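This report looks at a ligand site, a sheet with its helices, and some backbone details. The sequence and structure come first.

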Amino acid sequence: MDLPSFEPYKTKMVEQVYSSTRTEREEWIKNAGFNLFNLRSEQVTIDLLTDSGTGAMSDRQWSSLMLGDESYAGASSYYNMKKALSEITGFEYFLPAHQGRAAENVLFSALVKEGDFVPGNSHFDTTKGHIEFRKAIPVDCTVEIASDFKSMNPFKGNVDPAKLEDVLKKNPREKIPCILITITNNTAGGQPVSMANLRETRKLADRYGVKLFLDSARFAENAWFIKKREDGYKEKSIREIAREMFSYADGITMSSKKDAIVNMGGFSAYRDEDLFRKASAYNIIYEGFITYGGMSGRDMNALAQGLYEGTEEQYLRSRIGQVEFLAERMKEYGIPVLQPTGGHAVFIDAKSFLPRIPDGKFPGQVLAVELFIEGGIRSTEIGTLMADRDPVTRANRFSGKEMVRLAIPRRVYSDNHMNYVAAVVKNVFERRDRITRGLKIKWEAPILRHFTVVLERE
Ligand code: F0G
């Protein structure tokens, strides 16, 4: 008999999981303005709001904290991070930042100006926010197949080269500071970008004299999918694949709260020394001196160690295997989930789950609220609420997708927790015909509204 694979770790410390009653949860979510970000964590049973900063660090990471060097400049922890970064990404110049969006702020301060266009596969919401905040325009050039929930296309995170070339052709070079490809493509459902697509994008970038950056929050998960799904990569190690992915880029930003399995941290990295120097000035203003940039020495140590652990094959097999396990359970119950399963989360198609709630009444958010009421699960809407308003017309943006994301923290929950989650979703699915009341906005912020929005039932 073939021996089954298993989690390459065991538990040294545990944390309480909270239970509650349906009556309590109904009250809590109402008081939270039907916004799951407003809940207290003790009110949540299984927290699948995000896989960002919510992972469990290893004993090696915890012990590396004790060796943190808190010197303002030139700390040994900085050099530990530099070594890990150079071995895993190949970039020699980098700037620590306190998280991914801070790295975006530093990079875009150096690159993006009013009236620019930044094309890519699908920008994450903070990325979009940083671009729009500078009165520049993010352009999503996602492949069409990404919006087909059922298609088993292996690389639904890809950028559409024809759409991208169109943007490059129509605009003068100086208006396009960079192309930005997000690996894996979170907005499109944690879907991977193929190596062939990265190679082709590099060619386009060279042809039009434009820089190519990668948002590499989940680069290791992307590398795993390339190994599993793309010809010619089966025998390559995750780190070899990652190095090739990075070789096509002029630089990267990274939220290390994902694939480097730390609770806080990030960085931007550069191939070009001049751009690195320019960005350094912004790093100093916004984040801190270039050898710590918003991170303490101990956190840089944990990040360095996490980069190695996050790129181990056995870890990725169990990590992505767990996400797939949850998706399979839900599929057995007939629940419409995005296919194929993404790297960090299971995405439910809220539109077909709740066909009686129209787009303008936020079906994704309605479903997320129901999952909380049913079993204390916290998830996120990725739909009209998150897509926000058009910055010019202020009309709601309908991306055509209404999803609920169940993001799985790394090394935190067991498969039994996943069985519980699937059962909760099943119970809501069974009473879906009785869910007919939508939500409407009572108050919203002018940008990134989904974090703080206050909603009410219709
Ligand atoms: N890029 C991607 C692809 C992300 O998914 C995120 C964060 C960021 C950038 C920003 O990084 O949070 O460290 O500032 N995503 C989290 C999520 C919040 O839930 O998907 P950050």
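## Ligand site

A residue is near the ligand if one of its heavy atoms lies within 4 Å of it. The model is predicted. In this model, 16 residues surround the ligand. Those that come nearest are Thr50, Arg101, Asp215, Ser255 and Lys258. By class, the shell has 1 nonpolar residue, 8 polar residues and 7 charged residues. Which helix supplies the largest share of the shell? That is helix 4, residues 100-111, with 3 residues.

Three side chains place a polar atom close to a ligand oxygen, within the 3.5 Å cut-off for a polar contact. For Gln99, a polar side-chain atom lies 2.8 Å from an oxygen atom of the ligand. For Asn186, an N or O atom of the side chain is 2.9 Å from a ligand oxygen. Arg218 also has a side-chain N or O atom 2.9 Å from an oxygen atom of the ligand. How much of the ligand does the protein bury? Taken alone, the ligand exposes 470 Å², and the protein buries 94% of that.

## The sheet of strands 9, 12 and 11

One sheet is open and has 3 strands. Their order is 9-12-11, and the pairing is antiparallel. Strand 9 (345-349) and strand 11 (380-382) are the edge strands, each pairing on one side only. Neighbouring strands are turned by 35° against each other on average, with direction ignored.

Strand 12 covers residues 403-407. How many bridges join strand 11 to strand 12? There are 3, and the two strands run antiparallel. Across this pairing, Glu381 stands opposite Val404 of strand 12.

## Helix 14 and its partners

Helix 14 spans residues 363-375. This helix lies across strand 9, strand 11 and strand 12. Its direction is at about 40° to strand 12.

Helix 14 also packs with helix 1, residues 22-31. Two packed helices are described by the angle between their axes and the distance between the axes. For helix 1 and helix 14, the angle is about 145° and the axes are 7 Å apart. On the helix 1 side, the contact is made by Arg22, Arg25, Glu26, Trp28 and Ile29. Helix 14 contributes Val369, Phe372, Ile373, Glu374 and Gly375. The residues of this contact divide into 5 nonpolar, 1 polar and 4 charged.

## Backbone details

Two cis peptide bonds deserve a look. One runs from Ile183 to Thr184, with omega near -20°. Thr184 sits in the loop between strand 5 (178-182) and helix 7 (195-208). Another cis bond runs from Gln339 to Pro340, again with omega near -20°. Where does Pro340 lie? Pro340 is in the loop between helix 12 (313-332) and strand 9.

Lys135 is not a glycine, yet its phi is positive, near 60°. The loop that holds Lys135 lies between helix 5 (125-133) and strand 4 (137-140).

Methods
Residues are numbered from 1 along each chain as its sequence is written. This is a predicted model: local features need pLDDT of at least 70, side-chain atom pairs count only at pLDDT 80 or more; totals for chains, interfaces and linings use all residues. Side-chain values use heavy atoms; hydrogens and water are left out. A polar contact is a pair of N or O atoms within 3.5 Å; within protein, one must be able to donate a hydrogen and the other to accept it, and residues adjacent in sequence count only if both atoms are side-chain atoms. Accessible areas come from the Shrake-Rupley method with a 1.4 Å probe; for residues, only the protein chains shown count as cover. Helices (H or I, at least four residues) and strands (E, at least two) are DSSP runs, numbered from the N terminus. Ala, Val, Leu, Ile, Met, Phe, Trp, Tyr, Cys and Pro count as nonpolar, Asp, Glu, Lys and Arg as charged, and the others, Gly among them, as polar. Two strands pair if DSSP finds at least two bridges between them. Axes are lines fitted to C-alpha atoms, for helices over the stretch in contact, and angles run from 0 to 180 degrees between N-to-C directions. Contact means heavy atoms within 4.5 Å.
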